[in-house]
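Reader: I would like a close look at a single part of this protein. Please start there and then work outward.

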Amino acid sequence: MVCALGAAVCFGTATVLQAMATRTADTGRGGEAALFLRAVRQWRYLAGLALDGLGFLFQVAALRSVPIYAVGAALASSLAVTAVVAARLLRVRLTGTEWGAVGVVCAGLAMLGVASGTEGDRGGPAALEYAMLATAVAVLLLGLSGGRLPERGRALLLGLGAGFGFGVVEVAVRLIDSLAPSDLLANPAAYALLLGGGAAFLSLTSALQRGSVTTATAGMVIGETVGPALVGVVWLGDRTREGLAWLAVLGFLVAVAGALALARFGEVTKEVTQEGLEEAPEPADLGNVPSSADPRP
């Protein structure tokens with residue numbers, strides 16, 4: 001769980017930096033790929049990507065030692081990290097309710113830590129690798145068409161897509177048994193991992209720029225936790241400690257619920273300009289618009 005929490009810290013901090021960059025990137029023309037290229041020219045986005053890379057290494061280590069459902073819940077807790085980092089960088093004051101939500105996330109993770117067993121030892125059916133690859137392709141197509149989606153429901157759909165993409169990464173890590181180049185080239189899960197991660201970032205970037213990121217973040221949390229957790233339990237043999245299945249389920253639900261309560265910290269206000277961000281930011285107006293940023297991976 002330590003590695004999973006380390007990944008959450010990296011992802012939560014990266015989310016704030018990436019959302020700050022995407023919000024200040026001019027929408028312009030050229031579609032979603034062009035939007036991504038404009039975002040990566042900003043140092044905040046690059047710093048976020050570096051943290052995402054470090055977080056991914058922690059995530060891989062965690063997936064090799066604890067069940068997917070525990071890792072997924074820990075990654076969802078990155079929103080608690082995002083809230084705290086946003087309070088620091090954007091001078092956003094957390095209310096008592098929001099601090100309570102942070103505490104709820106921590107309590108859920110503590111329950112998961114107590115109840116989680118070791119990772120499953122089953123490789124899953126052969127078709128699972130191809131199913132992950134097909135899901136990654138679908139997420140990529142969704143991300144590429146983000147600007148053409150109906151405005152109503154766009155943020156939720158893109159957020160769910162990003163979550164499914166990150167979920168593909170979680171499952172694919174477990175499906176890769178050998179790191180030998182010849183084995184990787186022959187394993188569809190390796191391609192699913194690369195394609196799923198890239199597609200998830202594309203969908204997330206589009207969601208951060210084009211819609212309500214609060215809604216998108218909530219969709220992402222659901223997509224990256226529920227689906228992979230079910231795959232781990234049903235096909236990969238993930239289990240809990242003897243007699244503590246109820247505590248693991250409760251901890252999972254509590255951690256995800258606390259994360260969803262903090263979903264508003266997936267957004268940086270549109271009024272924040274690049275010039276203003278480089279200087280000491282003024283306190284954000286939280287009346288109608290949430291304040292900082294996910295997803296990762």
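Which residues are buried in α4?

Author: A note before the answer: this is a predicted model.

In α4, the buried residues are I68, Y69, A70, V71, G72, A73, A74, L75 and A76. The helix spans residues 68-76, and 9 of its 9 residues are buried. It is therefore largely enclosed by the rest of the structure. For the protein overall, buried residues make up 55% of the 297 residues.

Some background on the fold helps. The protein has 13 helices and 0 strands. From the N terminus on, every element in the run is α. The accessible surface comes to about 12700 Å². Carbon and sulfur atoms account for 66% of that surface.

Now the approach to α4. V66 sits in the loop between α3 (43-63) and α4. Is V66 buried or exposed? With a relative accessible area of 10%, V66 falls under the 20% cut-off, so it counts as buried. Leaving out residues up to four places away in sequence, V66 touches M1, V71, G117, E119 and R174. One of these, V71, is itself a buried residue of α4. Another, R174, lies within the span of α8, residues 154-175. V66 also has R239 at 9.5 Å, C-alpha to C-alpha. Those two are 173 residues apart along the chain.

Next, a helix that packs on α4. That is α6, residues 96-115. The axes of α4 and α6 are 10 Å apart, and the packing angle is about 160°. An angle over 145 degrees counts as roughly antiparallel, so α4 and α6 are roughly antiparallel. Their crossing is left-handed. On the α4 side, the contact uses Y69, A70, A73 and A74. On the α6 side, it uses L109, L112 and A115. By class, this contact has 7 nonpolar residues, with no polar and no charged ones.

The spacing of such contacts has a simple background. An α-helix has 3.6 residues a turn, so residues three or four places apart point the same way. In α4, Y69 and A73 both take part in the contact, as do A70 and A74.

Follow α6 outward. It also packs against α12, residues 245-261. The axes of α6 and α12 come within 7 Å and cross at roughly 155°. These two helices are therefore roughly antiparallel to each other. The crossing of α6 and α12 is left-handed. From α6, the contact draws on A101, V104, V105, G108, L109, M111, L112, V114 and A115. From α12, it draws on L247, A248, L250, G251, F252, V254, A255, G258, A259 and A261. The classes are 16 nonpolar, 3 polar and no charged. Look back at L109, L112 and A115 of α6. They meet α4, and they also belong to the contact with α12.

Past α6, the chain enters a loop that leads to α7, and P125 is found there. P125 has 38% relative accessibility, so it counts as partly exposed. Its C-alpha atom is 7.3 Å from that of W235. Along the chain, P125 and W235 are 110 residues apart.

Then comes α7, residues 126-144. It packs with α8 at an angle of about 150°, with the axes 9 Å apart. The two helices are therefore roughly antiparallel. Their crossing is left-handed. The α7 residues in the contact are L128, E129, M132, T135, A136, V139, L142 and G143. The α8 residues are L157, L158, G161, F164, G165, V168, V171 and L175. This contact has 11 nonpolar, 4 polar and 1 charged residues.

One more residue of α7 deserves a look: L140. It has a relative accessible area of 26%, so L140 counts as partly exposed. Leaving aside neighbours within four places in sequence, L140 is in contact with L195, A199 and L202. A200 is also worth noting. L140 and A200 are 60 residues apart in sequence, with 7.4 Å between their C-alpha atoms.

Back to your part. α4 has 9 of its 9 residues buried. Its contact with α6 has no polar and no charged residues. The contact of α6 with α12 has no charged residues either.

Technical notes:
Residues numbered from 1 in each chain as written. Predicted model: local features only at pLDDT ≥ 70, side-chain atom pairs only at ≥ 80, totals over all residues. Heavy atoms only, no water. Axes fitted to C-alpha atoms, helices over the stretch in contact; angles between N-to-C directions. Helix = DSSP H or I, 4+ residues; strand = E, 2+ residues; numbered from the N terminus. Parallel < 35°, antiparallel > 145°, perpendicular 65-115°, else oblique. Left-handed = near helix turned anticlockwise from the far one by under 90°. Contact = heavy atoms within 4.5 Å. Nonpolar A, V, L, I, M, F, W, Y, C, P; charged D, E, K, R; others polar. Buried < 20%, exposed > 50% of the residue type's maximum accessible area, 1.4 Å probe, protein only. Areas by Shrake-Rupley, 256 points an atom, 1.4 Å probe, with all protein chains shown as cover.
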